[in-house]
Each structure stands twice: as structure tokens, then as C-alpha cells.
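Student: Can we go through this one together? I'd like to start with the surface.
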Amino acid sequence: MSRSNKQTQLQLEPEVLEAGIGAAAARGLDFNQYVQHLITEDTTSARAAGIAAAVRLMDTHADFLQNLEEAVRDRRDTALTEYPSMRSGTVRDR
């Protein structure tokens, strides 16, 4: 199956371009693939389905997620109390 891509030109603010290139790299995509992904996601029901799934997850598991967040916070606070050097970022490799 042959696929014919069309070329286009984008004019972006430098900081927007930089953010887009960074976001693409973080996802293992080149910039063109990233832009194509964003457009496809925005113009199909994929984005809406993902958001709906996230809302269902939050609604269904809100108590569990709240308890998990509190447990992580408690562990972090305990670690910071036991190892105060972690608080200021002064932990060094030995």
C-alpha cells in the first residue's frame, strides 16, 4: 500500500517550537510524527475516549488514589525526617 504524504510549513514562536521538539523527543518521535499525532488525536475521538477513560478511572478509584497519595506523602515526609540532607538536595555520591 502506497502512502503519499503532503508537505506543509509551520511558523511557530521559537519557544513553542523548542517545547514541541522536546515533547516529541520525550515520546520517541520526530517533530513531524509528533505534530501528526497531535492533529490525529485532536480530530478523532481518540482524545475524547482517553479523557473519558481517565474520568471513569478517577470516579471509580478516587478513594484508592487518595489513600495512595497520602501513603506516598507520608513516606516522603518520613524519609525527609530521617535523612534531612535529602531536603536541601545536598546528598552526594560516596
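Tutor: First, a term: accessible areas come from the Shrake-Rupley method with a 1.4 Å probe. Also, this is a predicted model.

Student: OK, what area does the chain expose, then?
Tutor: The chain exposes about 8800 Å². Carbon and sulfur atoms supply 53% of that area.

Student: And what share of the residues is buried?
Tutor: Buried residues make up 5% of the 94 in the chain. Buried here means under 20% relative accessible area.

Student: Switching topic: how many helices and strands are there?
Tutor: The chain has three helices and zero strands. Along the sequence the pattern reads α-α-α.

Student: What span should helix 2 have?
Tutor: Helix 2 covers residues 31-43, which is 13 residues, so at 1.5 Å a residue it should span 18 Å. Its end C-alpha atoms are 18 Å apart, which agrees.

Student: Which residue caps the N-terminal end of helix 2?
Tutor: Asp30 does. One of its side-chain oxygens lies 3.0 Å from the backbone nitrogen of Asn32.

Student: Where is His37?
Tutor: His37 sits in helix 2. Its C-alpha atom is 9.8 Å from that of Ala24, and the two residues are 13 apart along the chain.

Student: Why is His37 called partly exposed?
Tutor: Its relative accessible area is 39%, and partly exposed means between the 20% limit for buried and the 50% limit for exposed.

Student: Last thing, pockets. What volume does the largest one have?
Tutor: The largest pocket has a volume of about 450 Å³. Of its 15 lining residues, the closest to the centre are Lys6, Gln7, Thr8, Asn32 and Gln36.

Student: How does the lining divide?
Tutor: Into four nonpolar, eight polar and three charged residues.

Technical notes: Residues numbered from 1 in each chain as written. Predicted model: local features only at pLDDT ≥ 70, side-chain atom pairs only at ≥ 80, totals over all residues. Heavy atoms only, no water. 1 Å grid on protein atoms, 1.4 Å probe; cavity = no way out; pocket = protein on both sides within 12 Å on 5 of 7 lines; lining within 4 Å. Points joined across faces, edges and corners; volume = space filled by probe spheres on them. Nonpolar A, V, L, I, M, F, W, Y, C, P; charged D, E, K, R; others polar. Helix = DSSP H or I, 4+ residues; strand = E, 2+ residues; numbered from the N terminus. Expected span 1.5 Å × (residues − 1). Polar contact = N/O pair within 3.5 Å; in protein donor to acceptor, adjacent residues only side chain to side chain. Buried < 20%, exposed > 50% of the residue type's maximum accessible area, 1.4 Å probe, protein only.
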